[in-house]
Amino acid sequence: MSGFDDPGIYYSDSFGGDASVDEGQVRKSQLQKRFKEFLRQYRVGTDRTGFTFKYRDELKRHYNLGQYWVEVEMEDLASFDEDLADYLYKQPAEHLQLLEEAAKEVADEVTRPRPSGEETLQDIQVMLRSDANAANIRSLKSDQMSHLVKIPGIVIAATPVRAKATRITIQCRSCRNTISNIAVRPGLEGYALPRKCNTEQAGRPRCPLDPYFIMPDKCKCVDFQVLKLQESPDAVPHGEMPRHLQLYCDRYLCDKVVPGNRVTIMGIYSIKKSAQSKNKSRYSVGVGIRSAYIRVVGIQVDTEGSGHSFTGSVTPQEEEELRRLAAMPNIYETIAKSIAPSIYGSTDIKKAIACLLFGGSRKRLPDGLTRRGDINLLMLGDPGTAKSQLLKFVEKCSPIGVYTSGKGSSAAGLTASVIRDPASRNFFMEGGAMVLADGGVVCIDEFDKMREDDRVAIHEAMEQQTISIAKAGITTTLNSRCSVLAAANSVFGRWDETKGEENIDFMPTILSRFDMIFIVKDEHNEERDMTLAKHVMSLHVSALTQTQAVEGEIELNKLRKLISFCRTKCGPRLSAGAAEKLKNRYILMRSGTRQHEQESDRRSSIPITVRQLEAIVRIAESLAKMRLQPFATEADVEEALRLFHVSTLDAAMSGNLSGAEGFTTQEDQEMLSRIEKQLKRRFAIGSQVSEHSIVQDFMRQKYPEHAIYKVLQLMMRRGEIQHRMQRKVLYRIK
């Protein structure tokens, strides 16, 4: 009688029995029991303060809301039972299923009695999260296969949500025999239909090969979605392409992220059969080669677009240090000094860039419109004034930075492109540089070399901060809340003093979208050249020896932390006094430019509009944000106005933008034309005259020397006169 009370449960499987089923089954049911105990008994809090059963309550709450999922923290599981967590890390695929079964049983217990009509128990989805350090895509090798991994990155594409069968029913074509309830493994694995039909009835011919087909109306399905994850740009080594991974999400994980989000993924690193390629040529190497994908079991979205790329959050000690840093009285100067410390001078530009990195505060109005909080900055000017170096530095120190060059980027690459998915033949969308830099800075170099239609694509992204596309049946709007820092040369390569307005080759539409426009000139000034040369020499001499930061500067990593800390923690507003002051100054500014336009009879190519008023507000807010203050004071408005004056207003006011000598007035223009007329009277076409004598002659008539040289230069550029005999003699051609 000893064999009677055997605890093993025997059952017959239609695909041939398995002898060792009992031990595995027993171990599985024991593990499931442990998982169930964990969900039922895990509690937080102490006996004295009262404790709560974390997962029991969560299951009950979610189940009653009709959301059949629960999120389990790996740390809780490890503190409850180290082995369970280890099993779940090492063989997640089978143990996650046990955990879901256990969750289903616990949900069954805590929700009894259920109301009528809802007696059937729903499946529960378990999502995992963990505080472990994330790996990165490049470190996923074959030894991680079918383990639990945690990976950060950016979602760059998402397919629509489709359905996948979890249980299928198949039927034989010839003898109508059905096999029901076949479990299909989760993930991107398929299910191979059996080749032969096993029912043998007397007097009937054998069923042919491959007789089975799936009965769609008797299948149970779940939603699933495939995402494409790209490693975050700051993790890509120089000169390499960013790597991609396929992600498979199902049930409640679908539609949790949109392209452009930065996420951290918990998932099972699995393999799928690679699709049969049409060309069975040299690439189809072997049977065992599979492509990898990740079956997602938990997604954490890193704070909606505000850009948390420095890893992890700030520890309390660091926060205290950052707050102490922000409370320093001269923090604004310090930050301006720390921006690209190896570049000499251009203090105002550095201050403006500091404002751009911190940014103003974004406002949501009650009618649903938003006003942008990001500051855009354009640097126009001569070659060799370290514009691109500043751009490169900003890309490094902003929390999210994307650097593109104007010639090599198209409209689709900056905004968004629609791509046809090779597998499913339908279209999906991939975000470009401005979408990926959501919450950061886009640096565009060689802005003047961009094609006009590509530049227009940025208009919407710069002011409305969204990108709308309607292509190939996809009509949608993407977020691109980013600042634009652009650098451009003037039309003639160098800034030409005499041409005035013609130096700027941009439409007023794009210029008014920039909050600050700096005209950087390479002026010849002996003293300045001296210090600059010294500075450059010392850089080259002591490049390797000088490792520590100079006194009064913040080093790069701390600056990055400070920037992202201020951006997340602080959103200042203008105080009443500052607003009143700004209003009066704006009206003065408008009348000033209007007067200037009337005097010189021409529109200035940089308009002063309401956008510029908002620009000053944003600059003032960013100055308050550096000090972590809730309100921008009158002093902030003063400094913002000063920055605006030295940048945009100067550029708009300098009539023919003649720079150092200050030829702005009508009289100067007249004087130049008088000198030119006299010169042409002085010597006929084809004659020669010594330059020195001409200059002396005009100086006797009380004309200023630089004006005479200016006219000569002008005529030379037009090709009317030429230098001869070692530049001593002038020769008139036409």
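These are short notes on the fold, one sheet, the nonpolar cores and one arginine.

1. **Status and overall make-up.** The model is predicted. The protein has 734 residues, and 43% of them count as buried. Its secondary structure comprises 21 helices and 28 strands.

2. **Surface and contacts.** The accessible surface is about 39,400 Å². Carbon and sulfur atoms hold 51% of that area. Take the contacts with a separation of 6 or more: 72% of them link residues 24 or more positions apart.

3. **A five-stranded sheet.** Five strands make an open sheet. Their order is 16-19-22-15-23, with parallel pairing. Strand 16 (401-405) and strand 23 (516-520) are the edges, each pairing on one side only. From one strand to the next, the twist averages 15°.

4. **Inside the sheet.** Look at strand 19 (residues 441-445) and strand 22 (residues 483-488). They run parallel and are joined by four bridges. Val-442 has Val-484 of strand 22 opposite.

5. **A helix on the sheet.** Helix 9 (residues 387-397) packs here. It touches strand 15 (377-381), strand 16, strand 19 and strand 22. The direction of helix 9 makes about 155° with that of strand 19.

6. **The largest nonpolar core.** In soluble globular proteins, nonpolar side chains tend to be buried together. Here the largest nonpolar core has 58 residues. Which of them touch the most other members? Ile-335 and Leu-485 do. Helix 8 (residues 347-358) supplies the largest share of this core, eight residues.

7. **Leu-485 and its partners.** Leaving out residues up to four places away in sequence, Leu-485 touches Leu-356, Leu-377, Met-379, Leu-391, Val-394, Val-441, Val-442, Cys-443 and Ile-444. Val-442 therefore turns up twice: as a contact of Leu-485, and opposite Val-484.

8. **A second core.** A separate core holds 30 residues. Among them are Tyr-42, Ala-107, Val-126 and Leu-128.

9. **Arg-618.** This residue lies in helix 17 (residues 610-626). Is Arg-618 buried or exposed? It counts as buried, because its relative accessibility is 3% and the cut-off for buried is under 20%. Neighbours within four places in sequence aside, Arg-618 is in contact with Gly-360, Arg-372, Gly-373, Asp-374, Ile-375, Asp-515 and Arg-611. Arg-611, one of these contacts, falls within the residue range 610-626 of helix 17.

Terms used:
Residues are numbered from 1 along each chain as its sequence is written. This is a predicted model: local features need pLDDT of at least 70, side-chain atom pairs count only at pLDDT 80 or more; totals for chains, interfaces and linings use all residues. Side-chain values use heavy atoms; hydrogens and water are left out. Two strands pair if DSSP finds at least two bridges between them. Helices (H or I, at least four residues) and strands (E, at least two) are DSSP runs, numbered from the N terminus. Axes are lines fitted to C-alpha atoms, for helices over the stretch in contact, and angles run from 0 to 180 degrees between N-to-C directions. Contact means heavy atoms within 4.5 Å. Buried means under 20% relative accessible area, exposed over 50%, partly exposed in between (1.4 Å probe, protein chains only). Accessible areas come from the Shrake-Rupley method with a 1.4 Å probe; for residues, only the protein chains shown count as cover. A nonpolar core is a set of buried Ala, Val, Leu, Ile, Met, Phe, Trp, Tyr and Cys residues joined through side-chain atoms within 4.5 Å.
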